[in-house]
Each structure stands twice: as structure tokens, then as C-alpha cells.
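Colleague: Hi! I'm new to this one, could you walk me through it?
Modeller: Happy to, let's put it on screen.

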Amino acid sequence: MGSAAYDMVVIGSGPAGIQAAIQAARLNKRVAVIEKHPERLGGTWLHTGTIPSKTLREVMAAIRSVHSHVGAHWVERLVNTLSTNRLTERARTASMDEEKIVRASLAQHKVDLIHGTAFLEDTNIVRINPLNGESYVLHTEIVVIATGSRPRRPPDMPFDGWRVVDSDDILRLESLPKSITVFGAGVVGCEYACIFSALGVQTTIIDARTRIMQFMDQEIAEELKQSMEGLGVKFELGRQMQKMEVDGPSVRTTYNDLILETDIFFFAAGRESCSDHLGLERVGIEVNDRKAINVNKYFQTSVRTIYAVGDVIGPPALASTSAEQGRLAAAHAFGITDVVFPEFFPIGVYTIPEMSSVGLTEEDLIKTKEPYVVGRARYDQIARGYIRGDSYGLMKIIVCQNTHKIIGVHIVGADAANLIHIGQVAMIAGMTIHQFAHSTIFNFPTLAEGYKIAAFHAMAELETLPQRKPVHAAKIS
């Protein structure tokens with residue numbers, strides 16, 4: 001193959017790249033997706049991150065839910081029947097099933113899938129280097145870079161794939177450890193800590209910061225922390241690592257007066273964009289210190305015919321937001337210029353239990369000194385919650401004191417990542433807390449009822465304030 005011509009070439013087959021390709025194909029454009037792996041597609045999304053980790057989490061959450069009904073003895077028996085091979089095989093099956101769906105969608109939309117590494121020869125020329133055979137070039141009107149991210153690997157960390165590991169290694173473990181140190185109290189660290197602890201592994205989370213999930217509402221994060229402690233996770237926060245010793249089958253780490261010796265040390269402190277080896281400097285595309293590509297609100301780089309979407313541009317780096325970025329970039333590239341990324345989008349954290357968030361946090365409002373009230377509903381106040389035996393769970397609605405509009409919803413507890421969308425839609429609609437409370441009815445018994453409890457709590461909080469009519473949003477500067 002000497003050369004070929006396309007309307008769009010997408011580099012990367014994660015959610016951002018796939019959705020960019022499908023959107024362009026819907027506009028009757030000729031599209032190619034370049035995937036560096038010689039056989040599979042989907043990268044972190046399908047094979048080392050989202051799908052496999054959430055599959056494992058789902059298995060363990062289901063087993064843990066049994067605890068409320070049949071007791072710890074039966075939970076222990078269930079967990080003991082799970083071998084590492086059975087768990088990883090379940091995750092692998094889920095990944096392959098999702099990959100089949102993605103391949104079928106690409107075929108349906110007549111998108112070409114090309115395996116090989118990509119290099120930007122020029123702003124409209126992409127060189128493909130296949131694993132076997134000679135390189136060739138693709139001429140294209142538009143390029144979309146969607147190469148994702150990878151775990152951050154400090155050069156002084158002795159990664160070996162079985163004692164000192166990152167999130168790409170963790171699913172390849174051949175046996176279940178007895179103990180694990182998780183370095184990093186962010187999303188990845190907390191999600192995997194829940195899985196390992198639910199499997200009976202002695203699990204400790206270490207972080208130099210004094211709080212977990214820094215970007216989330218901290219009342220919600222603290223509720224999650226307490227729930228994880230109930231699951232058996234131990235937290236050692238505010239500790240700086242001083243020394244690491246890899247000795248035989250174990251890893252010893254020192255933090256001031258604390259020494260931890262565990263079977264595995266899992267480094268889960270950040271990710272970095274996969275923007276190198278693409279030839280960005282050749283065409284004048286800029287990146288920041290985390291290697292993330294700089295883009296405008298339409299996801300155009302400094303070269304206007306080259307777009308970048310997904311993890312490669314940095315936060316929020318979610319599968320959901322990445323997919324939407326890809327779709328919007330492709331639409332904009334081919335003349336649909338009135339599309340913009342949504343103002344409100346949810347964040348989902350798949351711990352046990354889940355945590356999810358949309359809009360402003362209390363910490364955001366404290367910084368800006370904007371007046372607000374909070375309505376809360378605990379899961380043990382909700383019929384479905386105490387039927388389920390949920391010991392932990394909190395739903396929180398934040399309301400603007402001036403406009404009475406809902407400006408933030410934060411949930412930790414069972415099904416949080418699904419429940420959050422009710423609050424998201426209310427915020428998109430610009431509903432006041434009164435409109436929301438008086439115009440919604442939820443099935444009984446459901447966890448969604450928590451919205452009514454939290455809404456009426458917020459309204460009661462507003463009533464304790466000096467009486468004033470809500471100000472129209474247009475008058476707020």
C-alpha cells in the first residue's frame with residue numbers, strides 16, 4: 001500500500017477516537033482509525049482500565065451486598081471460591097465482548113481500521129508504520145489525535161510487573177497477594193483498594209495528601225473513606241515516602257515512623273498523556289508539562305486541521321467525556337460549528353460503594369464566597385437503603401441561595417453513578433429546588449427517593465434564611 005486518501009484520520013481507538021470516527025462517518029466522510037496494537041483495539045478503555053476494572057468491581061460489589069442478607073461467613077465462602085484466574089477471565093471476557101461491539105459499529109459505518117503506529121509527516125499527511133511490512137502514508141483533510149494516557153512511572157520507582165506494579169500490570173497478576181500497599185488516594189487507587197480488600201487482601205492506602213479524592217466534595221469523600229474503612233481498607237494519609245526496598249517476594253517502604261512490608265506495592269499516583277512519538281513538534285503542536293496537548297473549546301490544536309480529544313488533552317479524562325469530545329470534534333471539523341461541550345457532566349468513581357458528582361462542590365463555593373444551602377439524605381433514611389442494609393450512603397444537593405437553583409449534586413452509595421443523572425438533568429433544565437421537589441415523583445421503594453428527602457431538606461434550610469424572592473439568573477453577574 002503506497003498511499004491512500006481520507007477525509008479524516010483518527011489516531012487511537014479509545015472512546016474518544018471511536019466516537020470521532022463514527023460521527024464523521026455519519027456525515028458521509030471517509031474515515032480511518034489507526035491503532036498501534038497489532039491485533040486488538042480499545043487500549044486502556046477496553047483492556048487495562050475501564051471495562052476490566054469495573055467488571056472486577058461489579059463482581060466484588062455483588063458479593064459484598066450478600067453480606068447484608070446472609071452474613072460474613074457466607075461472604076467469606078463466596079470469596080474463597082474465586083481464583084485469580086476466574087476473576088481475570090471474567091474481566092477478559094467482558095473486554096472481548098465490548099471489543100466485538102466496537103468492531104461491529106466501525107464495520108457498520110464503513111470505518112477502516114488500520115493497525116500500526118502513526119507519525120505526522122505534515123499537517124495533512126500521516127505515516128503508518130505497520131508491525132510487519134513497509135511504511136506508507138495517508139493523505140487526509142482532518143487529523144484527530146486520541147492516543148489516550150498511561151500510568152505515570154517515576155524513573156526512580158523499580159517497576160517489575162509483579163512486586164512493584166502500576167494499573168497496567170495489576171490485572172496481569174497470576175495469584176492473589178496476601179497484602180498490598182496502594183500508593184495514591186485518587187480514583188484508581190481507591191477503586192482497586194476496594195476490590196482487593198473485598199477479596200480479603202490486607203490493603204493499605206498511602207498518600208502524602210491528608211484527604212482522599214481531592215477534586216470531589218469532601219463531605220462525600222469522607223463518607224466514602226469511612227465506608228472503605230468498614231470494608232477493611234487502612235488509610236495512612238499525610239505521609240511522605242522516604243525509602244523503598246524490594247526484598248525477595250515482598251516490598252518494604254518507609255514513611256517517617258511507619259514501615260510497611262507487603263507482597264505488592266501498587267503505584268497509583270497519576271497518569272500522563274501519550275503524546276510522544278507522534279511528530280507533534282514537526283507540525284508545531286504544543287503540549288504542557290504533563291505532555292497533554294493544548295486545545296481550544298472546539299478541541300482544535302494550534303494547527304486548526306488537527307484536533308485532539310480524550311485523555312491526551314488531560315482532565316477530566318473520563319470515558320464518557322472523552323467520547324463526547326471525539327463526537328463534537330468531528331462534528332466541528334466538518335462544518336457543524338454550533339456544538340459545544342456540555343456545561344454539566346457527571347464524574348463517576350467505581351469504588352465500593354460508588355461515588356458520583358456533578359456541578360459545584362462546597363469547597364468550590366467556599367473559595368468563591370457564593371452563598372448556598374445544602375440538602376442531605378442519608379441512605380438509612382431511604383426505604384430502599386435500609387431494605388438493602390446500606391450502612392453508608394449520602395446524597396447531597398447544593399442550592400444557590402440567591403437563585404434557589406440546583407448547582408451541585410454529590411452522592412456516595414449504591415448506584416450513585418446512575419442516580420447522579422437525575423440531578424444532572426435538573427441542573428441542565430435550570431430547575432429551582434422548589435420546582436424539582438414539587439414536580440417529581442419517584443418509584444417506591446427506590447434510592448432515587450433520596451432526592452425528595454434532600455430537596456425538602458434544602459428548602460427547609462432556605463426557609464431559615466431572611467425571606468427574599470429568588471433573583472433571576474440573568475441578573476447574577
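Modeller: We can go through the cores, then helices, sheets and a few single residues.

Colleague: Great. What should I know before I start?
Modeller: This is a predicted model, where local features need pLDDT of at least 70, side-chain atom pairs count only at pLDDT 80 or more, and totals for chains, interfaces and linings use all residues. Residues are numbered from 1 along each chain as its sequence is written, and side-chain values use heavy atoms, with hydrogens and water left out.

Colleague: Okay. How many residues are in the largest nonpolar core?
Modeller: It has 57 residues, and those with the most contacts inside it are Met 8, Leu 120, Leu 138, Ile 145 and Ile 285. A nonpolar core here is a set of buried Ala, Val, Leu, Ile, Met, Phe, Trp, Tyr and Cys residues joined through side-chain atoms within 4.5 Å. Buried means under 20% relative accessible area, exposed means over 50%, and partly exposed is in between, using a 1.4 Å probe and protein chains only.

Colleague: Which helix gives the most to this core?
Modeller: Helix H1, residues 15-26, with seven residues. Helices (H or I, at least four residues) and strands (E, at least two) are DSSP runs, numbered from the N terminus.

Colleague: And is there a second core, or should I stop looking?
Modeller: Keep looking: a second, separate core of 41 residues includes Val 182, Ala 198, Leu 199 and Val 349.

Colleague: Back to Leu 120, what does Leu 120 touch?
Modeller: Leaving out residues up to four places away in sequence, Leu 120 touches a list of residues including Ile 11, Ile 125, Val 143, Ile 145, Leu 278 and Ile 306. Contact means heavy atoms within 4.5 Å.

Colleague: Let's switch to helices. At what angle do H1 and H9 cross?
Modeller: The axes of H1 and H9 (residues 319-333) cross at roughly 30 degrees and come within 7 Å. Axes are lines fitted to C-alpha atoms, for helices over the stretch in contact, and angles run from 0 to 180 degrees between N-to-C directions.

Colleague: Which residues in H1 meet H9?
Modeller: Pro 15, Ala 16, Gln 19, Ala 20, Gln 23 and Ala 24 do, and on the H9 side their partners include Ala 319, Ser 322, Gly 326 and Arg 327.

Colleague: Gln 23 catches my eye. Is Gln 23 buried or exposed?
Modeller: Gln 23 has a relative accessible area of 10%, so Gln 23 is buried. Beyond residues up to four places away in sequence, Gln 23 touches Arg 327, Ala 330 and Ala 331.

Colleague: Now strands. What is S2 like?
Modeller: In S2 (residues 31-35), five of the five residues are buried. Val 31, Val 33 and Glu 35 are on one side, with Ala 32 and Ile 34 on the other.

Colleague: In what sense do S1 and S2 pair?
Modeller: S1 (residues 3-11) and S2 pair in the parallel sense over four bridges. Strands pair if DSSP finds at least two bridges between them. Val 9 has Ala 32 in S2 as its bridge partner.

Colleague: Where are the sheets with five strands?
Modeller: One is an open sheet in the order S8-S15-S9-S10-S11, with parallel pairing. Its edge strands are S8 (164-165) and S11 (234-237), each pairing on one side only. Four bridges join S9 (residues 179-183) to S15 (residues 264-267), and Val 182 has Phe 266 in S15 as its bridge partner. Helix H6 (residues 187-198) lies across S9, S10 (202-207) and S15, at about 165 degrees to S10.

Colleague: And the other?
Modeller: Another open sheet of five strands has the order S18-S19-S22-S21-S20, with antiparallel pairing. S18 (347-349) and S20 (372-378) stand at the edges, each with a single partner strand, so one side of each has no neighbour in the sheet. From one strand to the next, the twist averages 10 degrees.

Colleague: Last topic: where does Glu 99 lie?
Modeller: Glu 99 lies in helix H5, residues 84-108. Glu 99 counts as buried because its relative accessibility is 4%. Away from residues up to four places off in sequence, Glu 99 touches Glu 39, Arg 40, Leu 41, Leu 46 and His 47.

Colleague: And is Ser 135 buried or partly exposed?
Modeller: Ser 135 is partly exposed, with a relative accessible area of 32%. Ser 135 sits in the loop between S5 (125-129) and S6 (136-145).

Colleague: Thanks, that helps a lot!
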